[in-house]
Amino acid sequence: IVADTIVAAGGSAEALACHVGDLEQIKSTFSTISEQHGKLDILVNNAGIIRDRSFLKMSRDEWDRVIDVNINSLYVTTRTVLPHMKEAKYGRIINASSINAFQGAFGQANYAASKAAIAGFTRALCKETGRYNITVNAVAPGFIKSEMTASIPPEIVKAGIAMIPVGRIGTPEDMGHVYLFLASKEASFVSGIVLHANGGAMTM
């Protein structure tokens with residue numbers, strides 16, 4: 001849908017589907033991008049799922065599934081793309097963390113653990129990539145309007161907004177501006193940070 005919107009507005013965009021946990025699919029997708037465009041400047045690791053359940057009721061499959069999609073996929077995608085960014089001496093890697101990596105949430109031990117791991121991954125990897133003009137950052141969104149939050153009961157949404165100093169839920173456009181900055185050339189001296197975009201609900 002996003003790609004169609006960009007094309008309709010006169011831009012150029014193409015959507016390619018692949019399983020972010022499958023190394024061969026990632027390699028194939030990257031090969032397609034490389035053949036068509038010659039390089040890949042920006043990698044946004046944004047894949048994420050939830051399997052919420054209180055910890056003592058959480059199955060091993062629910063734990064493993066969240067860890068696999070939310071954190072193990074970072075190894076697969078970044079390991080594939082990074083050598084090419086290194087060769088090009090340029091790159092922007094942006095990873096999606098979450099406010100709940102830092103404040104926790106009932107029933108989200110698996111999700112919070114995976115998003116906290118992303119913060120650590122970001123801080124560690126930037127130490128290896130800076131010399132190649134590759135920045136590595138993370139974004140920790142707060143309460144954002146999305147498909148994931150659409151099923152939340154209205155009273156819970158209202159209570160959540162009441163805890164946000166700016167007085168509203170975040171929008172996809174809000175997040176887009178955050179990612180756009182970190183992906184820009186102007187952010188070349190910003191690396192290894194977790195940018196908290198939550199309307200002031202939590203400051204770090």
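**Helix packing and the second largest pocket**

Glutamate 14 touches Ala3 and Gln36, when residues up to four places away in sequence are not counted. In this predicted model, glutamate 14 lies in the loop between helix H1 (2-8) and H2. The C-alpha atom of glutamate 14 is separated by 9.7 Å from that of isoleucine 33, a residue 19 places away along the chain.

Helix H2, which spans residues 23-37, also packs against H3, the two axes coming within 9 Å and crossing at roughly 35°. The crossing in which H2 passes H3 is right-handed. On the H2 side the contact is formed by Leu23, Ile26, Lys27 and Phe30, which meet Val76, Thr77, Thr80, Val81 and His84 in H3. Sorted by class, the residues in this contact of H2 with H3 comprise 5 nonpolar, 3 polar and 1 charged.

A further helix pair is formed by H3 and H5, whose axes lie 8 Å apart and enclose an angle of about 20°. This angle makes H3 roughly parallel to H5, because values under 35 degrees are counted in that category. The passage of H3 across H5 is again described as a right-handed crossing. From H3, the residues Glu62, Trp63, Val66, Ile67, Asn70, Ile71, Leu74, Thr78 and Leu82 take part, and they meet Ala109, Asn110, Tyr111, Ala113, Ser114, Lys115, Ala117, Ile118, Phe121, Leu125 and Thr129 in H5. The class composition of the contact of H3 with H5 is 13 nonpolar, 5 polar and 2 charged residues.

The H3 and H5 helices also contribute to the second largest pocket, since helix H3 (60-88) and helix H5 (109-129) each supply at least two residues of its lining. The volume of this pocket is about 240 Å³. Its lining consists of Leu74, Tyr75, Thr78, Arg79, Leu82, Pro83, Lys86, Phe121, Leu125, Glu128, Thr129 and Tyr132, and the largest share, 7 residues, comes from H3. By class, the lining is made up of 7 nonpolar, 2 polar and 3 charged residues. Several lining residues also belong to the helix contact described above, among them Leu74, Thr78 and Leu82 of H3, together with Phe121, Leu125 and Thr129 of H5.

Key:
Residues are numbered from 1 along each chain as its sequence is written. This is a predicted model: local features need pLDDT of at least 70, side-chain atom pairs count only at pLDDT 80 or more; totals for chains, interfaces and linings use all residues. Side-chain values use heavy atoms; hydrogens and water are left out. On a 1 Å grid over the protein atoms alone, a cavity is a set of points where a 1.4 Å probe fits but cannot get out, and a pocket is an open set with protein on both sides within 12 Å along at least five of seven lines; lining residues have an atom within 4 Å of a point. Grid points are joined across faces, edges and corners, and a volume is the space filled by probe spheres set on the points. Helices (H or I, at least four residues) and strands (E, at least two) are DSSP runs, numbered from the N terminus. Ala, Val, Leu, Ile, Met, Phe, Trp, Tyr, Cys and Pro count as nonpolar, Asp, Glu, Lys and Arg as charged, and the others, Gly among them, as polar. Axes are lines fitted to C-alpha atoms, for helices over the stretch in contact, and angles run from 0 to 180 degrees between N-to-C directions. Angles under 35 degrees count as roughly parallel, over 145 as roughly antiparallel, 65 to 115 as roughly perpendicular and the rest as oblique. A crossing is left-handed if the near helix is turned anticlockwise from the far one by less than a right angle, and right-handed if clockwise. Contact means heavy atoms within 4.5 Å.
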